[in-house]
Amino acid sequence: MAQVITLKITYADCDSRIWREAQISDNSYLNKLGYMVLATFDTLVYHLFSIEYNGVLFELPSDDRRIKPEECLFYVKLKDLNLNIGDKLQMIYDFGCEQVFDIEVTDISPMPRGTGTAYPKILRGEGRGVLDNVSAWETLEIIKQIDKTGKSEHSVQTEYGSQFWAYRDYRLDLDNGLLKGEIARIEDAYSSFEQFMEE
């Protein structure tokens, strides 16, 4: 029977200001966990990412780094990790800037019958998302400035043009409403990496 894994995902080194509580099926591959993180934390999906668990690094293959299936995000499922409550994973996005996400397993429970399509989903969270190419400590300084002045002076480029980054403007309903579509878009963006798998 499939299990539902509940995760507390925290953007590291940012004073716990930006976090999510999420649920995902243990039948999901690690790349889907990564796509969920990239989607809910509002990344621009410009960079590679990896997930580490219990000393093992799971990566995406690339043209200069071919990897075996047992090391690949595309081929390892969450249930293959034999996770327990309290276990911790770490995801790094953008190896140049190193956006780090600490992921803790807070619950594992049987998936209610007929609810498979409900996952992944976000249960709670704070903080609009992260800033691509901006370190966590720089992001924290921007957050502190927003808290101090009550307004943001940091603009970000979006598909709708330049907008001020309002980290407190996180909406759970909007996040869940867009989540699966964003995951599908991200999955499409990373699918080309599968060609670099070892034969």
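**Entry 1: strand 3**

Before I start: a residue is buried when its relative accessible area is under 20%. I'm working on a predicted model, so I keep that in mind throughout. I began with strand 3, residues 49-53, and found that four of its five residues are buried, which leaves the strand mostly covered.

Next I looked up who strand 3 pairs with. On strand 5, residues 88-93, I count five bridges, and the two strands run antiparallel. Tyr-53 has Leu-89 of strand 5 as its bridge partner. Strand 4, residues 56-58, is also antiparallel to strand 3, with three bridges joining them. There I noted Ile-51 bridging to Phe-58.

I stopped at the turn of that hairpin. Two residues sit between strand 3 and strand 4, and Asn-54 has a positive phi near 55°.

**Entry 2: the whole sheet**

What order do the strands take in the sheet? I traced seven strands in an open sheet, in the order 4-3-5-6-1-2-7, with antiparallel pairing. Strand 4 and strand 7 (121-126) are the edges, each pairing on one side only. From one strand to the next, the twist averages 25°.

I then checked strand 1 (residues 3-11) against strand 6 (residues 99-110). They are antiparallel and share nine bridges. One pair I wrote down is Tyr-11, which stands opposite Phe-101 of strand 6.

A reminder to myself for reading side chains here: in a regular strand they alternate between the two faces of the sheet.

**Entry 3: helix 1**

Which strands does helix 1 lie across? I went through them: helix 1 (residues 30-40) lies across strand 1, strand 2 (19-25), strand 3, strand 4, strand 5, strand 6 and strand 7. Relative to strand 3, helix 1 runs at about 120°.

**Entry 4: Tyr-190**

I jumped to helix 3, residues 172-190, where Tyr-190 is found. Is Tyr-190 buried or exposed? Its relative accessible area is 3%, under the 20% cut-off, so I list Tyr-190 as buried.

I looked up its contacts too, skipping neighbours within four places in sequence. Tyr-190 touches Tyr-35, Leu-38, Val-45, His-47, Phe-49, Leu-60, Phe-74 and Tyr-93. Tyr-35 and Leu-38 fall within helix 1 (residues 30-40). Phe-49 belongs to strand 3 (residues 49-53), and Tyr-93 to strand 5 (residues 88-93).

I also took a distance to Gly-55. Tyr-190 and Gly-55 are 135 residues apart in sequence, and their C-alpha atoms are 24 Å apart in space.

**Entry 5: Ser-25**

Ser-25 lies in strand 2. With 10% relative accessibility, Ser-25 counts as buried. I followed its side chain and saw that it reaches the backbone nitrogen of Asn-27 at 3.0 Å. Leaving out neighbours within four places in sequence, Ser-25 is in contact with Ala-2, Gln-3, Leu-78, Met-111 and Tyr-119.

**Entry 6: cysteines**

How many disulfides does a search of the whole structure find? I got zero. Cys-97 is in no disulfide, and the nearest cysteine sulfur, that of Cys-14, is 12 Å away. A disulfide here needs the two sulfur atoms within 2.5 Å, so that pair does not qualify.

I compared accessibility last. Cys-72 has a relative accessible area of 0%, so it goes down as buried. Cys-97 comes out at 21%, which means it counts as partly exposed.

Definitions and conventions:
Residues are numbered from 1 along each chain as its sequence is written. This is a predicted model: local features need pLDDT of at least 70, side-chain atom pairs count only at pLDDT 80 or more; totals for chains, interfaces and linings use all residues. Side-chain values use heavy atoms; hydrogens and water are left out. Buried means under 20% relative accessible area, exposed over 50%, partly exposed in between (1.4 Å probe, protein chains only). Two strands pair if DSSP finds at least two bridges between them. Axes are lines fitted to C-alpha atoms, for helices over the stretch in contact, and angles run from 0 to 180 degrees between N-to-C directions. Contact means heavy atoms within 4.5 Å. A polar contact is a pair of N or O atoms within 3.5 Å; within protein, one must be able to donate a hydrogen and the other to accept it, and residues adjacent in sequence count only if both atoms are side-chain atoms.
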